[in-house]
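I opened the model today to look up burial, ring pairs and a few backbone oddities. My entries follow in the order I made them.

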Amino acid sequence: MLPHSVMTPTIRYVLCASVLLSACSSSDSEVPAEAASLPAAETTITSAGSTFAAPIIESWIEAYRNVEGSVDISYSSVGSGEGINRFSAATVDLGATDAPLSEEELVEAHASRQLPLTAGMIGITYNMEGLEEPLKLSREAYAGIFLGTVERWDDPLIVANNPGADLPAKLIQLVARSDSSGTTHSFTEHLSAISPEWAAGPGASKRISWLGGTMEAAGNEGVAGRIKMTLGSIGYVNSGFAERLELPLAILENRDGQFVAPTIETGQAAMASAGSDKVDEIAAAMIDPTGADSYPITTYTWFLLRDSYGSDDKTAAVKDLVAWTLSDGQDYAESLHYIPLPEAISSAALANLEKH
């Protein structure tokens, strides 16, 4: 049962059908057999955006078909920037973005609100032979790799935290996103927070002018795939994409000076450090979370919604879907290497959904 008061399209259809059949049985007229067998009208919901959250959204769509069969849902994994563009142009009903919008941007996008839908970790993954243990990277080391000041695998900043590792004097091949990306925005916000050189140079954005020679690919899956094929490469992706391709994930130094791997537990510790359910406070805390056990690059993904979708049935269907993702849908998170929303966050999001 859906955890809210909005009546689903299927329930409304069944009630309406019951009323009609009762009315007809009290009269002499009969319902034609072909009319009685007609299926309920299908409601279509379109969505687009984040490649970071695409695996869990696609799993939700498949599972939700068993919950609400009269709703047809589609998702286009095109990146957060394009998802925002499509939502703003009203060509999709829901936009998914890893970079939350400001109040001004919400108005420009014609969005009534944004709600968290899932969270995950941005991992630094690589392809290098001869490493028996996961690579440990200090904050200075991984910022330097993407700045281009740490150019080779045997750089002293890498060697310092990986004693005994067989690190060659081979150039590091960077792989990065080519499209407008919420993953890039979250990653470069973090780099800006830990590196004055990055903040004064490339800065934080959904799209970056990467160093010359950087290999670029679209989507998290594109970056992970390119790293898988390229010896000596390194890049940033949703950690789940690296896991699925059996790529190693670096252990990163966090704000408290501890080296932590991207796991559900370290992601939950990062989320807990926010201590808030407000969008702006959550987003600020996630840039460089505090806590000895916190993974340093953890991010939420957000749904953009409108108050009305042209009809009561369509509006209710969209709200039903989002409410399901915020409740039962969270059960799918861990198996796909996402972090279930904390109870306080999901409850606040559901309350916000029901206000309108």
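**Entry 1: a cut-off first.** I count a residue as buried under 20% relative accessible area, as exposed over 50%, and as partly exposed in between. I applied this to tyrosine 332. It has 31% relative accessibility, so I log tyrosine 332 as partly exposed. I note here that the model is predicted.

**Entry 2: the chain overall.** I looked up the confidence. The average pLDDT of the protein chain is 89, and 88% of the residues reach at least 70. Residues 1–39 are another matter: pLDDT stays under 50 there. For that stretch the model has 40 contacts beyond four places in sequence.

I then listed the secondary structure. The protein chain has 15 helices and 11 strands. Of its 356 residues, 52% count as buried. About 15600 Å² of the protein chain is exposed, and carbon and sulfur atoms supply 52% of that area. I also checked contact range. Among contacts with a separation of 6 or more, 75% are between residues 24 or more positions apart.

**Entry 3: the cores.** Which residues touch the most other members of the largest nonpolar core? I found Leu137 and Phe146, in a core of 86 residues. I listed the contacts of leucine 137, leaving aside neighbours within four places in sequence. They are Ile124, Tyr142, Ile145, Ile158, Ile234, Ala250, Ile251, Leu252, Glu253 and Phe259. Apart from this core lies another, of 10 residues, including Ala217, Val223, Ala224 and Val237.

**Entry 4: around leucine 137.** I moved on to serine 138. It sits in the loop between strand 5 (136–137) and helix 6 (139–147). Its relative accessibility is 9%, so I count serine 138 as buried. Beyond four places in sequence, serine 138 contacts Leu157, Asn161, Glu253 and Phe259. Glu253 and Phe259 are also on the contact list of leucine 137.

I then checked leucine 135. This residue lies in the loop between strand 4 (113–127) and strand 5. Is leucine 135 buried or exposed? At 1% relative accessibility, leucine 135 counts as buried. With the same sequence neighbours left aside, leucine 135 is in contact with Tyr126, Trp153, Ile158, Asn162, Leu167, Ala250 and Ile251. Ile158, Ala250 and Ile251 also appear in the list for leucine 137. I took one C-alpha distance as well. Leucine 135 and valine 159 are 24 residues apart along the chain, and their C-alpha atoms are separated by 9.6 Å.

**Entry 5: aromatic rings.** I counted 10 aromatic pairs. Tryptophan 210 and tyrosine 236 form a tilted one, at 5.8 Å centre to centre with 35 degrees between the planes. What does this pair tie together? Tryptophan 210 lies in the loop between helix 9 (196–200) and strand 7 (215–217), and tyrosine 236 lies in strand 8 (residues 233–238), so the pair links parts 26 residues apart in sequence. Tryptophan 210 is buried, at 11% relative accessibility. Tyrosine 236 is buried too, at 0%.

I logged a further tilted pair, tryptophan 324 with tyrosine 332. Here the centres are 5.9 Å apart and the planes make 50 degrees. Tryptophan 324 is buried at 3% relative accessibility, whereas tyrosine 332 is the partly exposed residue of Entry 1.

I traced a ring cluster next. Ring pairs link Phe146, Phe187, Trp198, Trp210 and Tyr236. Phe146 is thus noted twice, since it was also listed with Leu137 for the core.

**Entry 6: charges over rings.** I found arginine 244 with its charged end over the ring of phenylalanine 241, 4.9 Å from the centre. Arginine 306 lies over the face of phenylalanine 87, at 4.4 Å from the ring centre.

**Entry 7: positive phi.** Most residues other than glycine have a negative phi. I looked up two that do not. Alanine 90 has a positive phi of about 60 degrees. Its place is the loop between helix 4 (80–88) and strand 3 (94–97). Alanine 90 is exposed, with a relative accessible area of 55%.

Glutamate 246 also has a positive phi of about 60 degrees. It lies in the loop between helix 11 (239–244) and strand 9 (251–253). Glutamate 246 is exposed, with a relative accessible area of 69%.

Notes: Residues numbered from 1 in each chain as written. Predicted model: local features only at pLDDT ≥ 70, side-chain atom pairs only at ≥ 80, totals over all residues. Heavy atoms only, no water. Core = buried A, V, L, I, M, F, W, Y, C linked by side-chain atoms within 4.5 Å. Buried < 20%, exposed > 50% of the residue type's maximum accessible area, 1.4 Å probe, protein only. Contact = heavy atoms within 4.5 Å. Phe/Tyr/Trp six-rings, centres within 6.5 Å; stacked < 30°, edge-to-face > 60°. Helix = DSSP H or I, 4+ residues; strand = E, 2+ residues; numbered from the N terminus. Lys NZ or Arg CZ within 6 Å of the ring centre and 35° of its normal. Areas by Shrake-Rupley, 256 points an atom, 1.4 Å probe, with all protein chains shown as cover. pLDDT = per-residue confidence, 0-100.
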